[in-house]
Amino acid sequence: MTSRRVGSLVPRETVSTGRSGSVGEGYRGHDSVIPPLDPFDRSTPIGAAAAAAVEALATERRQPFPRPARRRIISVANQKGGVGKTTTTVNLAAALASHGIRVLVIDLDPQGNASTALGVDHHSGVPSIYEVLLGDRPLDEVIVASTEAPELFCAPATIDLAGAEIELVSLVARENRLHRAIQGMKREVDYVLIDCPPSLGLLTVNALVAARELLIPIQCEYYALEGLGMLLRNVELVQAHLNQDLRLTTILLTMYDSRTRLADQVVHEVKEHFGDRVLGTTIPRNVRLAEAPSYGQSALTYDPTSRGSLSYLAAARELAERGFEPNGAGR
Ligand code: ATP
Ligand code: MG
């Protein structure tokens with residue numbers, strides 16, 4: 001794997017050596033122990049911010065995430081492109097897994113971005129979600145371990161999936177294929193997170209039929225709500241005809257830029273419209289989130305104390321602590 005590039009905000013001994021010692025533990029050299037040092041110069045704003053970030057991470061690590069009583073299946077969808085679906089799926093998954101929660105990410109986008117970000121091979125020909133949907137291959141056979149955490153798995157997407165929208169049309173029960181595959185899965189996981197493509201085609205419909213929860217990432221920008229009506233109408237159609245258990249449970253605001261008044265307006269509007277379904281945590285625009293995938297890593301691994309990483313940890317905690325109680329018997 002490529003070497004890790006880390007920001008200057010990260011204390012040297014926690015990352016550059018790859019050792020797990022906590023901050024201030026001291027550095028054990030060949031034959032001497034250098035006494036512990038506070039790695040930050042707290043008298044400077046950047047040193048104080050770095051210290052605060054590391055302390056926030058240490059505090060976060062001490063509080064376990066609740067494990068759901070039953071498996072949660074969450075589709076991450078928005079037909080608008082580039083709003084943060086994949087970044088959200090991957091980093092929420094990594095955040096949950098960093099607390100020992102068992103997570104499967106299903107990459108349902110032919111671009112395979114979630115597979116890339118989880119360090120999973122997805123060149124044409126590797127066993128992938130395409131064979132599960134089109135070839136009735138058991139989901140267990142395509143699931144691979146990610147490089148992120150022992151409890152984080154991925155069903156990769158290859159470019160073959162690009163033809164699936166059309167190939168699915170002629171198949172029996174074409175909207176139910178992913179649902180059936182997940183129901184038949186033997187691997188036990190606490191969460192299944194499905195990363196949808198930026199469209200409302202059959203792949204996204206499969207995700208909506210398979211899930212009991214829908215998470216919509218909304219980018220804090222002017223056109224944020226445009227097109228959402230169409231997604232919500234599709235959700236109603238799926239609820240009416242294919243999956244009455246589906247609920248829009250979670251909205252996550254992404255790419256928030258505190259320097260613009262526009263971002264605040266969008267946050268306000270979205271909260272007014274969706275109420276308490278909007279997570280209290282808003283994901284800031286943060287370059288580490290954009291850089292991490294090129295190293296085949298989540299932001300949590302790439303730069304654990306970055307603002308992006310800490311915000312996804314906070315969002316994942318909210319998601320886990322809110323839980324989900326389905327109406328009726330559920331599936
Ligand atoms: P697509 O519709 O193409 O699947 P998407 O909705 O999955 O896109 P992402 O791929 O997660 O969106 O994000 C789009 C781009 O924005 C990526 O380059 C990603 O690295 C970057 N990005 C996502 N979230 C943030 C953020 N909070 N701060 C900075 N960059 C971000
Ligand atoms: Mg994506």
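Is Asp 257 buried or exposed in this predicted model? Asp 257 is buried, at 17% relative accessible area, where buried means under 20%, exposed over 50% and partly exposed in between (1.4 Å probe, protein chains only). This is a predicted model, in which local features need pLDDT of at least 70 and side-chain atom pairs count only at pLDDT 80 or more, while totals for chains, interfaces and linings use all residues. Residues are numbered from 1 along each chain as its sequence is written, chains are lettered from A and ligands numbered from 1 in the order in which they are written, and side-chain values use heavy atoms, with hydrogens and water left out.

**View 1. Asp 257 pairs up with Arg 259.** The two side chains meet in a salt bridge at 3.0 Å, N to O. A salt bridge here is a side-chain nitrogen of Lys or Arg within 4 Å of a carboxyl oxygen of Asp or Glu, and the count by this rule comes to 14. Arg 259 is exposed at 72% relative accessibility, whereas its partner Asp 257 is buried.

**View 2. Arg 67 reaches Asp 190 across the sequence.** The closest N and O atoms of this salt bridge are 2.5 Å apart. The partners sit 123 residues apart, Arg 67 in the loop between helix H2 (45–62) and strand E3 (72–76), and Asp 190 in the loop between helix H7 (177–183) and strand E7 (191–195). Helices (H or I, at least four residues) and strands (E, at least two) are DSSP runs, numbered from the N terminus. Arg 67 is partly exposed at 45%, while Asp 190 is buried at 3%. The pair also belongs to a salt-bridge network with Arg 102 and Glu 188.

**View 3. Arg 317 and Glu 321 bridge within helix H13.** Here the closest N and O atoms are 3.3 Å apart. The two residues are separated by about one helical turn, because they are 4 residues apart in H13 (residues 307–322). An α-helix has 3.6 residues a turn, so residues three or four places apart point the same way. Arg 317 is buried, with a relative accessible area of 11%.

**View 4. Helix H8 feeds the largest nonpolar core.** A nonpolar core is a set of buried Ala, Val, Leu, Ile, Met, Phe, Trp, Tyr and Cys residues joined through side-chain atoms within 4.5 Å. The largest one has 56 residues, with Ile 106, Ile 129, Leu 139 and Ile 194 making the most contacts inside it. H8 gives this core its largest share, 7 residues. In H8 (residues 202–210), 9 of 9 residues are buried, including Leu 202, Asn 206 and Ala 210. Beyond four places in sequence, Ile 129 touches Ile 106, Leu 139, Val 142 and Leu 178, among others, contact meaning heavy atoms within 4.5 Å. A second, separate core of 41 residues includes Ile 101, Val 105, Ala 149 and Leu 193.

**View 5. Thr 89 is tucked into helix H3 with no accessible area to speak of.** Thr 89 is in H3 (residues 85–97) and is buried, at 0% relative accessible area. Leaving aside neighbours within four places in sequence, Thr 89 is in contact with Val 76, Val 105, Leu 193 and Asp 195.
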